[in-house]
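Student: I would like to learn how to read the features of a structure one by one. Could we work through an example together?

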Amino acid sequence: MSDNVKDTRKSIYLASYNEGKAREIKAQISYLWNIKSLPKEGKKILWVENGKNFEDNAKIKVLTVFKHINESCCYLADDSGLVVPSLG
């Protein structure tokens, strides 16, 4: 955005430290949304991913980030996880 143009996009906070994921999301929707990532915003928020599945872990992340940031904006998290069949 130019310095003399007001940014009217709404913000989305990504509950992730994965900058690759942040770049992918920004490439897709940054024309509509101001994407804020935790590292770029200088935030260090820890969570424990102890959910029963990927969806539970994503909820843990997004709720933890919301409690710490508490800005009036949208929050987004995912947990794509990794499933590895037993090696043997």
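Tutor: We will go from the overall fold to the strands, and then to rings and cysteines. This is a predicted model, in which local features need pLDDT of at least 70 and side-chain atom pairs count only at pLDDT 80 or more, while totals for chains, interfaces and linings use all residues. Residues are numbered from 1 along each chain as its sequence is written, and side-chain values use heavy atoms, with hydrogens and water left out.

Student: How many helices and strands does the chain have, and which pattern does the chain follow along the sequence?

Tutor: Helices (H or I, at least four residues) and strands (E, at least two) are DSSP runs, numbered from the N terminus. By that reading the chain has 2 helices and 3 strands, and their order along the sequence is β-α-β-α-β. The radius of gyration, taken over C-alpha atoms and set against a globule rule of 2.2 Å times the number of residues to the power 0.38, is 15 Å, well over the 12 Å that the rule gives for 88 residues, so the chain is more spread out than a compact globule. The C-alpha trace spans about 60 × 25 × 20 Å along its principal axes.

Student: Which strands pair with S1, and in which sense?

Tutor: Two strands pair if DSSP finds at least two bridges between them. S1 runs parallel to strand S2 (residues 33-37), with 5 bridges joining them, and Tyr13 stands opposite Lys36 in S2. Between S1 and S2 the chain passes through helix H1 (residues 19-29), and this β-α-β crossover is right-handed, a term that applies if, with the strands pointing away from the viewer, the path from the first strand over the helix to the second runs clockwise. S1 also pairs in the parallel sense with strand S3 (residues 74-76) over 3 bridges, where Leu14 has Leu76 as its bridge partner.

Student: Is S1 (residues 10-14) largely enclosed or open?

Tutor: Buried means under 20% relative accessible area, exposed over 50%, and partly exposed in between (1.4 Å probe, protein chains only). In S1, 4 of the 5 residues are buried, so the strand is largely enclosed by the rest of the structure. Asn70, by contrast, lies in the loop between helix H2 (54-69) and S3, where at 55% relative accessibility it counts as exposed; Asn70 also has a positive phi of about 50° although it is not a glycine.

Student: How many aromatic pairs are there?

Tutor: A pair of aromatic rings is described by the distance of the centres and the angle of the planes. Rings of Phe, Tyr and Trp (its six-membered ring) pair if their centres lie within 6.5 Å, and planes under 30 degrees apart count as stacked, over 60 as edge-to-face and the rest as tilted. The search finds 3 aromatic pairs. Tyr17 and Trp47 are stacked, at 5.6 Å centre to centre with 20° between the planes, and they link distant parts of the chain, 30 residues apart. The rings of Phe66 and Tyr75 have centres 5.3 Å apart and planes at 85°, so this pair is edge-to-face. Ring pairs link Tyr13, Phe66 and Tyr75 into a cluster.

Student: Why is there no bond between the sulfurs of Cys73 and Cys74?

Tutor: A disulfide is a covalent bond between the sulfur atoms of two cysteines, and here it is counted as a pair of cysteine sulfur atoms within 2.5 Å. The sulfur of Cys74 is 6.7 Å from the closest cysteine sulfur, in Cys73, which is too far for a bond, and the count comes to 0 disulfides.
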